[in-house]
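Please examine the sequence and the fold below before reading on. The account that accompanies them is meant to be read with the structure in view.

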Amino acid sequence: MFRSSAEGKAVVAPNTWLRLPDGTRWMKLLAGHIGDGAEAMGMKVLARFPKNPPGMNIGSIVTLFDPKDGFPLAIMDGVYFTAVRTGAAGGLSCLYSARKNSTRVGILGAGVQARFNLYAIRELMPQVREGWVFSRSEQSR
C-alpha cells in the first residue's frame, strides 16, 4: 500500500470526522482504492470513546469492496489492521533512519502499538537482538 501510494497508484479520500456534541467521542471514516494490478477498494470506520477503559476505547471495522461491481467482500476487525499498518510505518522509519548495524532498539511506551513497532523492526532489521522499553506502568513493561 505504501509503495502504491508513493507511485501514484492509490486514491485516498479525505478523512471524514463525526464529532459528537459533547466533544469527547468521535468517529472517523477513511476510504481508498489501489489500482496497480492487485486492485482493491475499501473503507475503515473508527469510533473513539476515550472515557472507556484502555483496550476498549477504540472500535474499528474495515470493509473491503469488489472494485468491479462495488459489492462488499469482507468486513474485518480494523483495530488489528491499524496496529499492523502503524507498526509497519514505525519499522520502515527505523530501517531508513537507524544505523545499518544497529543491534538494539529503544521504545517509549509499552502499549499495543509498541509491540507492533517491535514486530516490524525485527522483521525489517533482523540484526536487532535487544530491546529496551520505557513505560510508566511496570505492568505494561
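The paragraphs that follow treat strand pairing, a surface patch and a segment beyond the strands.

The coordinates come from a predicted model. A suitable starting point is strand β3, residues 26-34, which runs antiparallel to strand β4, residues 40-48, and is joined to β4 by nine bridges. Within this pairing, His-33 has Met-41 of β4 as its bridge partner. The two strands form a hairpin, with five residues between β3 and β4. In that turn, Gly-37 adopts a positive phi of about 100 degrees.

Strand β4 also pairs with strand β5, residues 58-65, again in the antiparallel sense, and eight bridges connect them. Here the bridge partner of Val-45 is Ile-61 in β5. When following the side chains along such elements, one may recall that in a regular strand they alternate between the two faces of the sheet.

Attention now turns to the surface. Tyr-80, Phe-81 and Val-84 make up a nonpolar patch there, and their accessible area together is about 270 Å². Val-84 belongs to helix α2, which spans residues 78-97. Because its relative accessibility is 33%, Val-84 is classed as partly exposed, the category between buried, under 20%, and exposed, over 50%.

The last site is Glu-138, located in the segment after β8, a strand covering 130-134. Is Glu-138 buried or exposed? Its relative accessibility is 66%, so Glu-138 counts as exposed. The C-alpha atom of Glu-138 is separated by 9.4 Å from that of Ala-110, although these positions lie 28 residues apart in terms of chain numbering.

Terms used: Residues numbered from 1 in each chain as written. Predicted model: local features only at pLDDT ≥ 70, side-chain atom pairs only at ≥ 80, totals over all residues. Heavy atoms only, no water. Patch = residues over 30% accessible without salt bridge, like charges linked within 9 Å, V, L, I, M, F, W, Y side chains within 5 Å. Areas by Shrake-Rupley, 256 points an atom, 1.4 Å probe, with all protein chains shown as cover. Salt bridge = Lys/Arg side-chain N within 4 Å of Asp/Glu carboxyl O. Helix = DSSP H or I, 4+ residues; strand = E, 2+ residues; numbered from the N terminus. Buried < 20%, exposed > 50% of the residue type's maximum accessible area, 1.4 Å probe, protein only. Pairing = 2+ DSSP bridges.
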